[in-house]
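Biologist: Hi, do you have a moment to go through this one with me? I'd like to start with what is covered up, then move on to the sheet and the charged pairs.

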Amino acid sequence: MILPIYLYGANVLRTENSEVDLSKKEEIKELIANMKETLKGADGCGLAAPQVGVSLRLLIVDGTELTDVYDYLKDFRRTMINPVILEESKETCDYSEGCLSVPGVYAEVRRPSKIRIQYYDENFEKVTEELDRFACRMVQHEMDHLDGNLFVDKVAPIRKKMISKKLQSIAKGKVSPHYKSKL
């Protein structure tokens, strides 16, 4: 089922999220399936549970549609339950980011270039892996949602001022994304 994506201004995007209870496997599997369908319908590359109104530490990323630009993402699909960044590089990189919860807004964000992360996959198996390049960025972006943060919180103050009217319009519901959304 395609779920509505909550937009900038919605309280659910600003709350810290609870750990997923791994004993509720059927409920989690259903949520993951719905999130995957929602992500595909919105043409995004990542989605965190709070973006669909569920305050749990769960995210999905799918870089397979980006292989024309990043060929190394051809098999990069991940479901991450209760993810934790174990280590991040001191080396950083800047990249323009956007977000399904902040439609039509893009801004440069500086993030660590590499991370080592631990999470449970959709088979409820513990995974530890190192990520770099755009895969690393997608995961960090979605993990921010799990802590109640958005990419626009990380932009330079002058850029934040430049996009403030767009953000206010989104928060007032004066936006019409091509996907099902909610404030």
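Biologist: How many residues of helix 2 are buried?

Modeller: Keep in mind that this is a predicted model. In helix 2, 13 of the 14 residues are buried, so the helix is mostly covered.

Biologist: And what about its length, what should 14 residues span?

Modeller: Helix 2 covers residues 133-146, and at 1.5 Å a residue it should span 20 Å. The C-alpha atoms at its ends are 21 Å apart, which agrees.

Biologist: What comes just after helix 2?

Modeller: There you find G148, which takes a positive phi of about 80°.

Biologist: Which strands does helix 2 lie across?

Modeller: Strand 2, strand 3, strand 4, strand 7 and strand 8, and the helix runs at about 155° to strand 3. Helix 1, residues 25-42, lies across strand 2, strand 3 and strand 4, at about 40° to strand 3.

Biologist: On to the sheet, then. What is the strand order?

Modeller: The order is 2-3-4-7-8, five strands in an open sheet with antiparallel pairing. Strand 2 (46-48) and strand 8 (126-132) are the edges, each pairing on one side only. On average, neighbouring strands are turned by 40° against each other, ignoring direction.

Biologist: How many bridges join strand 4 to strand 7?

Modeller: Five, and the two strands run antiparallel. As for one partner in strand 7, I85 is bridged to I117.

Biologist: Let's change topic to T64. Where is it, and is it buried or exposed?

Modeller: T64 sits in the loop between strand 3 (58-62) and strand 4 (77-88). It counts as buried because its relative accessible area is 13%, and the cut-off for buried is under 20%.

Biologist: What does T64 touch?

Modeller: Leaving aside residues up to four places away in sequence, T64 touches L73, K74, D75, F76 and R77. Its side chain also makes a polar contact with the side chain of D62, at 2.5 Å.

Biologist: Which residue forms a salt bridge with D62?

Modeller: That would be R77, with the closest N and O atoms 3.2 Å apart. This pair links distant parts of the chain, R77 being in strand 4 and D62 in strand 3, 15 residues apart. R77 itself is exposed, with a relative accessible area of 54%.

Biologist: Nice. How many salt bridges are there?

Modeller: The count comes to 14 salt bridges. One of them joins the side chains of K36 and E122, at 2.9 Å from N to O.

Biologist: What does that pair tie together?

Modeller: K36 is in helix 1 and E122 is in the loop between strand 7 and strand 8, so the pair ties together parts that are 86 residues apart in sequence. K36 is partly exposed at 36% relative accessibility, and E122 is partly exposed too, at 33%.

Biologist: Back to helix 2 for a moment: which residue meets D144 in a salt bridge at 3.8 Å?

Modeller: K154 does, through its side chain. K154 lies in the loop between helix 2 and helix 3 (157-171), while D144 is in helix 2, 10 residues apart. K154 is partly exposed at 40% relative accessibility, whereas D144 is buried at 10%.

Biologist: Which residues make up the network with D144 and K154?

Modeller: Salt bridges with shared partners join D144 and K154 with E97, R111 and R137 into one network.

Conventions
Residues are numbered from 1 along each chain as its sequence is written. This is a predicted model: local features need pLDDT of at least 70, side-chain atom pairs count only at pLDDT 80 or more; totals for chains, interfaces and linings use all residues. Side-chain values use heavy atoms; hydrogens and water are left out. Helices (H or I, at least four residues) and strands (E, at least two) are DSSP runs, numbered from the N terminus. Buried means under 20% relative accessible area, exposed over 50%, partly exposed in between (1.4 Å probe, protein chains only). A polar contact is a pair of N or O atoms within 3.5 Å; within protein, one must be able to donate a hydrogen and the other to accept it, and residues adjacent in sequence count only if both atoms are side-chain atoms. Contact means heavy atoms within 4.5 Å. The expected span of a helix is 1.5 Å times one less than its number of residues. Two strands pair if DSSP finds at least two bridges between them. Axes are lines fitted to C-alpha atoms, for helices over the stretch in contact, and angles run from 0 to 180 degrees between N-to-C directions. A salt bridge is a side-chain nitrogen of Lys or Arg within 4 Å of a carboxyl oxygen of Asp or Glu.
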